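Subject: Structure for your review, with notes

Dear colleague,

I am handing over the structure we discussed, and I would be grateful if you could look through it alongside the notes underneath.

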Amino acid sequence: MPPTLASVVRNSSLHLTVLAGGDHLERPVRWVHTSELDDPTPFLEGGELLLTTGIKLGRTAAQLQAYVHRLADAGVVGLGLGVGLSHTEVPQPLVDAAAQRGLPLLRVPEPTPFIAISKVVSAALAAEQYEAVTTSFEAQEELTRAALGKDGTTAVVRRLAARLGGWAALYDGSGALSVVAPDWAARRAGRLAAEVDRLRRRPAPSSAALQGRAPGIDTADEDYVVVQSLGADRRARGFLAVGTEDRITPTERYVLNAAVALLTLTLERSRELRQAEERMGAALLRMVLAGEVATARQVAVGLFGGLPEGTIRVLVAGAGANADAAEALVELGERAEQAGSRVGEKLLVAREDGAHGPRLMVLALDNGAVHRACLGAVEEHEGLSLGVSAPAALEEAGTAHAQAERALAVALRGGRRSVDHEEVGAGSLLPLLGEDAVTAFAEGLLRPLREHDRTARGDLVASLRAWLSRHGQWDAAAADLGVHRHTLRYRMRRVEELLGRSLDDTDVRMELWLALRSGEE
């Protein structure tokens with residue numbers, strides 16, 4: 001702790017007397033400055049104990065009051081007036097002005113040189129700095145040992161809380177609380193979810209400080225709280241929050257910074273390990289999708305403790321060409337893995353670049369924590385879509401993957417957040433006709449008929465539509481058109497001639513019908 005006015009006054013060798021502001025002696029003294037100027041404030045930074053003999057001080061009450069106001073406004077923590085030179089005693093108007101502003105006023109007797117006061121404060125400041133360096137080194141050494149130990153990040157959080165005499169909490173990259181110490185602080189740490197979420201949306205590293213009933217602290221707790229994001233490449237890998245009774249001191253700030261550095265290093269190291277695990281997991285997933293489930297099971301036992309057991313679903317997420325949503329795709333994968341880790345649920349994840357942008361494939365338990373986390377994540381990100389397969393056994397993962405891809409195609413085309421395979425299977429084929437390739441095929445197939453209708457008599461396109469909708473029934477189709485059935489027969493022969501195709505062919509009739517319906521979408 002830095003020296004205070006109280007500790008300076010208590011030094012018996014200085015023989016100082018407090019004449020005003022005795023209730024404010026706990027203010028820390030950052031430096032001692034001597035000045036005989038009427039206005040020394042341009043040379044002050046705040047936090048000084050100012051010493052003067054009062055040679056240039058005015059004699060009137062107004063002048064002395066103005067002098068005190070200038071010092072108080074500049075952040076001076078105390079004024080010491082040396083008697084015996086220009087003043088035999090401290091002027092009463094000066095005492096009254098100091099009392100009015102709450103500025104501690106000290107009487108410095110003639111035998112006490114100003115340099116003696118400076119030495120006392122300098123020695124205390126040097127001792128504080130030595131203590132800060134020593135404490136910081138000890139704390140960093142202790143936290144480093146904790147980080148290298150068995151418990152890793154958990155041990156760092158616990159040691160940090162003990163060092164600060166408060167509480168500390170660690171959140172994962174999704175903002176979920178993962179470690180808190182001591183245990184009683186779990187409720188306080190839980191109330192910071194909104195603040196952590198705000199930091200999630202800002203580049204790392206970033207921080208926020210909250211005091212008392214600030215946003216994120218909705219009770220009468222008067223903790224001073226600091227929340228810090230952890231990450232080395234502008235992407236937060238986690239978040240650290242600490243709560244203390246008072247604002248943290250410079251020494252405590254060193255300790256906190258050491259913990260932030262260690263936790264960031266640990267998380268980045270864990271990230272590299274996770275990336276290696278992701279590559280192995282992706283290879284396993286592709287083995288499963290290729291039908292090599294038995295081999296995948298043997299490999300997964302040693303690497304991941306096995307594969308998901310029970311009914312599974314394959315989920316495929318895509319972001320199209322949206323760059324922001326592509327970043328959200330990375331976060332989706334992390335949230336899926338974090339959800340599985342929290343409950344011990346196994347999953348397989350693979351990332352790949354598809355023809356229409358990046359893809360994320362997830363194989364997880366049906367309606368498990370990972371499945372729910374993925375559904376929740378796509379709802380939070382504009383432009384991110386998810387295709388979900390039907391429930392399946394692990395041996396049917398290849399089929400489930402194809403289902404999820406088809407569901408994703410429908411979701412991306414319709415601008416929807418998620419689509420289940422059941423919706424695709426139970427719905428109509430017509431929404432799929434909006435694909436550019438299908439539209440181009442339809443235009444090319446029907447072009448001869450449309451060109452005929454623009455230059456010659458007879459509406460061949462309308463006649464073909466009526467005939468197909470009536471399943472080739474001449475009388476019914478002719479009645480719909482209001483023409484004779486012989487006229488309709490003539491038009492259909494003309495359609496066959498222009499297209500070079502026979503309407504007796506079932507495949508030809510199907511293609512023509514889909515082409516006509518595609519033009520209606």
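The notes below take the strands, then one helix, then a pocket.

This is a predicted model, in which local features need pLDDT of at least 70 and side-chain atom pairs count only at pLDDT 80 or more, while totals for chains, interfaces and linings use all residues. Residues are numbered from 1 along each chain as its sequence is written, and side-chain values use heavy atoms, with hydrogens and water left out.

Helices (H or I, at least four residues) and strands (E, at least two) are DSSP runs, numbered from the N terminus, and two strands are said to pair if DSSP finds at least two bridges between them. Strand β5 (residues 105-108) pairs with strand β1 (residues 17-20) in the antiparallel sense over 3 bridges, with T17 standing opposite R107. Strand β4 (residues 78-82) pairs with β5 in the parallel sense over 4 bridges, and there G80 has L106 as its bridge partner. From β4 the chain crosses through helix α3 (residues 92-101) to β5 in a right-handed β-α-β crossover (right-handed if, with the strands pointing away from the viewer, the path from the first strand over the helix to the second runs clockwise).

Strand β14 (residues 385-388) is joined to strand β11 (residues 312-318) by 4 antiparallel bridges, and to strand β15 (residues 418-420) by 3 parallel ones. L386 is the bridge partner of A317 and stands opposite S418 in β15. In β14, S385 and G387 point one way and L386 and V388 the other, and all are buried (under 20% relative accessible area, with exposed over 50% and partly exposed in between, for a 1.4 Å probe and protein chains only). The unit made by β14, helix α12 (residues 397-414) and β15 is left-handed.

In helix α5 (residues 153-164), the buried residues include V156, V157, L160 and L164, and the helix is followed by G165, whose phi is positive, near 65 degrees.

The second largest pocket (on a 1 Å grid over the protein atoms alone, an open set of points where a 1.4 Å probe fits, with protein on both sides within 12 Å along at least five of seven lines; lining residues have an atom within 4 Å of a point) is lined by 21 residues, with R200, R201, R235, E327 and E331 nearest its centre. Helix α10 (residues 323-343) gives the most to this lining, with 8 residues.

With best regards
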